Amino acid sequence: MKMINKLKEGQSYTEEWMPTHKILKKYCELSGDYNPIHTDLKAAKKIGKNNVIIHGNLTCSIISKIIGMNFPGKGSLILEQKVLFPNPIFPDDLIRFKFTIKEINTQLNTILISVKAYKVSEVHKNTETVLRGNVLCLI
């Protein structure tokens, strides 16, 4: 049975991730993006933040990992990704991603997945959204 036939609209998957200063440093080295808001506390404070900010594309790399390895899984390919970052992520924030299948096209072997990520903490009560959007995948 093809993987796409095992999936259902409304099916969801959640996974948590905690970016650290070490992960941030590795991403800076890999991407070459050393923008001071990501590396220098003084620069982050100049724009009103209390800590350096995790790169949006580092967060998107977790989407890629989840799509390719866990949901829907191996053999999946991201064709299109549209995301917004309504609030920043800081090192050591616990982030919960929720993926939900919105549409399945068996003729094209594609699925449209909505993605939402939010901070998990007592302070935010799982309401501070840090990423939201859609991902179109080839299965």
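## Cysteines, salt bridges and a strand to look at

The disulfide count here comes to 0. What you have in front of you is a predicted model, and a search through the whole of it turns up 6 salt bridges. Here is a quick tour: the cysteines to begin with, then some of the charged pairs, then a few residues around strand S2.

**Cysteines without partners**

- A disulfide is a covalent bond between the sulfur atoms of two cysteines.
- Take Cys28: it isn't part of any disulfide, and the nearest cysteine sulfur, belonging to Cys60, sits 16 Å away.
- Cys28 is also tucked out of sight, since its relative accessible area of 2% falls under the 20% cut-off for buried.
- How far is the sulfur of Cys60 from the closest cysteine sulfur? That closest sulfur is in Cys137, and the gap is 13 Å, which is too far for a bond. To count as a disulfide, the two sulfur atoms would have to be within 2.5 Å.
- Cys60 is buried as well, with a relative accessible area of 8%.

**A salt bridge between strands S3 and S1**

- Side chains of opposite charge can pair when their charged atoms come close.
- Arg96 and Glu16 make one such salt bridge, and their closest N and O atoms are 2.3 Å apart.
- This pair links distant parts of the chain: Arg96 belongs to strand S3 (residues 95–105) and Glu16 to strand S1 (residues 12–17), with their positions 80 residues apart in sequence.
- Are these two buried or partly exposed? Arg96 counts as partly exposed, at 22% relative accessibility. Glu16 is partly exposed too, and its relative accessible area is 39%.

**A charged trio around Lys119**

- Lys119 has a salt bridge with Asp93, where the closest N and O atoms are 3.1 Å apart.
- Lys119 is in strand S4 (residues 110–119) while Asp93 is in the loop between S2 and S3, so their salt bridge ties together parts that lie 26 residues apart in sequence.
- The side chain of Lys119 also meets that of Glu128 in a salt bridge, at 3.8 Å from N to O.
- Which residues end up in one network? Asp93, Lys119 and Glu128 do, because a salt bridge needs a side-chain nitrogen within 4 Å of a carboxyl oxygen and the bridges here share partners.
- Each member of the trio is buried: Lys119 has a relative accessible area of 5%, Asp93 comes in at 16%, and Glu128 is at 17%.

**Around strand S2**

- Gln81 is part of strand S2, which covers residues 77–84.
- With a relative accessible area of 29%, Gln81 is partly exposed.
- What does Gln81 touch, leaving aside residues up to four places away in sequence? Its contacts are Cys60, Ile63, Asn134 and Val135. You have already met Cys60, the buried cysteine with a relative accessible area of 8%.
- Ala44 is another story: Gln81 and Ala44 are 37 residues apart in sequence, and 27 Å separates their C-alpha atoms.
- Leu79 lies in strand S2 too, and at 45% relative accessibility it counts as partly exposed.
- Together with Leu77 and Leu138, Leu79 makes a nonpolar surface patch of about 250 Å².

Terms used:
Residues are numbered from 1 along each chain as its sequence is written. This is a predicted model: local features need pLDDT of at least 70, side-chain atom pairs count only at pLDDT 80 or more; totals for chains, interfaces and linings use all residues. Side-chain values use heavy atoms; hydrogens and water are left out. Helices (H or I, at least four residues) and strands (E, at least two) are DSSP runs, numbered from the N terminus. Buried means under 20% relative accessible area, exposed over 50%, partly exposed in between (1.4 Å probe, protein chains only). Contact means heavy atoms within 4.5 Å. Patches are made of residues with over 30% relative accessible area and no salt bridge: like charges are joined within 9 Å, nonpolar side chains (Val, Leu, Ile, Met, Phe, Trp, Tyr) within 5 Å. Accessible areas come from the Shrake-Rupley method with a 1.4 Å probe; for residues, only the protein chains shown count as cover.
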